[in-house]
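Thank you all for making time this morning. I would like to walk through one model with you, going from its open spaces to the parts that are covered.

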Amino acid sequence: MTVIVLSGPIGAGKSSLTGILSKYLGTNPFYESVDDNPVLPLFYENPKKYAFLLQVYFLNTRFQSIKSALTDDNNVLDRSIYEDALFFQMNADIGRATTEEVDTYYELLHNMMSELDRMPKKNPDLLVHIDVSYDTMLKRIQKRGRNYEQLSYDPTLEDYYKRLLRYYKPWYEKYDYSPKMTIDGDKLDFMASEEDRQEVLNQIVAKLKEMGKLEDDWKPNLVK
């Protein structure tokens, strides 16, 4: 039984890889609520006003997801609570949160992480990080077509997206809740190329076997 969490910036392909990976491994996918998130469009309309509310919304849903995932112990999450503070800290750093909101957020996050420490399974087994450049990120954002994510909707999103990418390297280096690995999302287009998709799956399976989470003679569960 294995719990895998994915990470990566907006448009990296986390949801797509979650579906691909869960089918291949025969596990359950956990998807983050985006299209039915009532706060997300408000955030893009007025980031300073809604940054704190959006992050609390995400924190709550990510907490629920990781608790369920660690209880089931056989699944893949397209984003997790371990990545949550990256987004809020970035928004706080650019003046989109008050001191009181920052203190409240981190106190809430600390309490949630403390509760996870009391669970029978405390951490995921593997983090799979999808690393992409700004150009790849932007192409995928454009392709999926959410209006409020487009530069044509708000040109200041260019700075927001580039800043977000800069926050990921130190976050990944500090992440220590589980073993981790990186997928090159520029080189391997696992959404469009079957060959690239298989290469990504091979890399993840090799890591799981190295960790002792899969037997050497394990066979995929994928049904085409």
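Before anything else, a word on terms: by a pocket I mean an open set of grid points with protein on both sides within 12 Å along at least five of seven lines, and a residue counts as lining it when it has an atom within 4 Å of a point. Please also keep in mind that this is a predicted model.

Let me take the second largest pocket before the largest one. The second largest pocket holds about 320 Å³ of space, and 13 residues line it, with Tyr82, Ala85, Leu86, Trp171 and Lys174 lying nearest its centre. Helices H4, H5 (99-117) and H7 (157-174) each supply at least two residues of that lining, and H7 gives the most, with four residues. By class, the lining of this second pocket divides into eleven nonpolar residues, one polar and one charged.

Now to the largest pocket, where about 650 Å³ of space lies. There are 31 residues lining the largest pocket, and those closest to its centre are Ile10, Gly11, Lys14, Arg144 and Arg146. Five helices, namely H1 (14-25), H2 (40-45), H3 (47-72), H4 (84-93) and H6 (134-144), each supply at least two residues of the lining, and the largest share, five residues, comes from H6. What classes of residue make up the lining of the largest pocket? The lining has 13 charged residues, eleven nonpolar and seven polar.

There is also enclosed space to mention. The structure holds one cavity of 30 Å³ or more, and the volume of the largest cavity is about 60 Å³. Lining the largest cavity are Phe43, Tyr44, Pro47, Arg96, Asp154, Thr156, Leu157 and Tyr160, with H2 and H7 each supplying at least two of the lining residues. Five of the residues in the cavity lining are nonpolar, one is polar and two are charged.

Helix H4, which supplies residues to the linings of both the largest pocket and the second largest pocket, deserves a closer look. Is H4 mostly covered or mostly uncovered? H4 is mostly covered, with eight of its ten residues buried, and these are Asp84, Ala85, Leu86, Phe87, Phe88, Met90, Asn91 and Ala92. The buried residues of H4 pack against H2, H3, H5 and H7. After H4 comes glycine 95, whose phi is positive, near 85°.

One of those buried H4 residues, Asp84, brings us to arginine 62, which sits in helix H3. Where a charged side chain is concerned, I would ask whether it is buried or exposed, and arginine 62 has a relative accessible area of 4%, so it is buried, the cut-off being under 20%. Leaving aside residues up to four places away in sequence, arginine 62 touches Glu32, Gln55, Arg79, Ser80, Ile81 and Asp84. Arginine 62 and glutamate 32 are 30 residues apart in sequence, yet their C-alpha atoms are 7.5 Å apart in space.

Turning to the strands, five of the five residues of S1 are buried, so S1 is largely enclosed by the rest of the structure. From S1, which covers residues 3-7, Val3, Val5 and Ser7 point one way while Ile4 and Leu6 point the other way, and all are buried. Three bridges join S1 in parallel to S3 (residues 75-77), where isoleucine 4 stands opposite valine 76. Four bridges join S1 in parallel to S4, and here valine 5 stands opposite leucine 127, while leucine 6 has valine 128 as its bridge partner.

Strand S4 (residues 126-131) is itself mostly covered, with five of its six residues buried. S4 is also joined in parallel to S5 (residues 180-184) by five bridges, and valine 128 has methionine 181 as its bridge partner there.

That leads to the largest nonpolar core, which has 74 residues, and those with the most contacts inside it are Ile4, Leu25, Ile81, Leu116, Val128, Tyr161 and Ile204. Helix H3 gives the most to this core, with nine residues. As for tyrosine 161, not counting residues up to four places away in sequence, it touches Ile10, Tyr44, Tyr134, Met137, Leu138, Ile141, Glu149 and Leu151. Among these contacts, Ile10 is one of the residues closest to the centre of the largest pocket, and Tyr44 is one of those lining the largest cavity.

Technical notes: Residues numbered from 1 in each chain as written. Predicted model: local features only at pLDDT ≥ 70, side-chain atom pairs only at ≥ 80, totals over all residues. Heavy atoms only, no water. 1 Å grid on protein atoms, 1.4 Å probe; cavity = no way out; pocket = protein on both sides within 12 Å on 5 of 7 lines; lining within 4 Å. Points joined across faces, edges and corners; volume = space filled by probe spheres on them. Nonpolar A, V, L, I, M, F, W, Y, C, P; charged D, E, K, R; others polar. Buried < 20%, exposed > 50% of the residue type's maximum accessible area, 1.4 Å probe, protein only. Contact = heavy atoms within 4.5 Å. Core = buried A, V, L, I, M, F, W, Y, C linked by side-chain atoms within 4.5 Å. Pairing = 2+ DSSP bridges.
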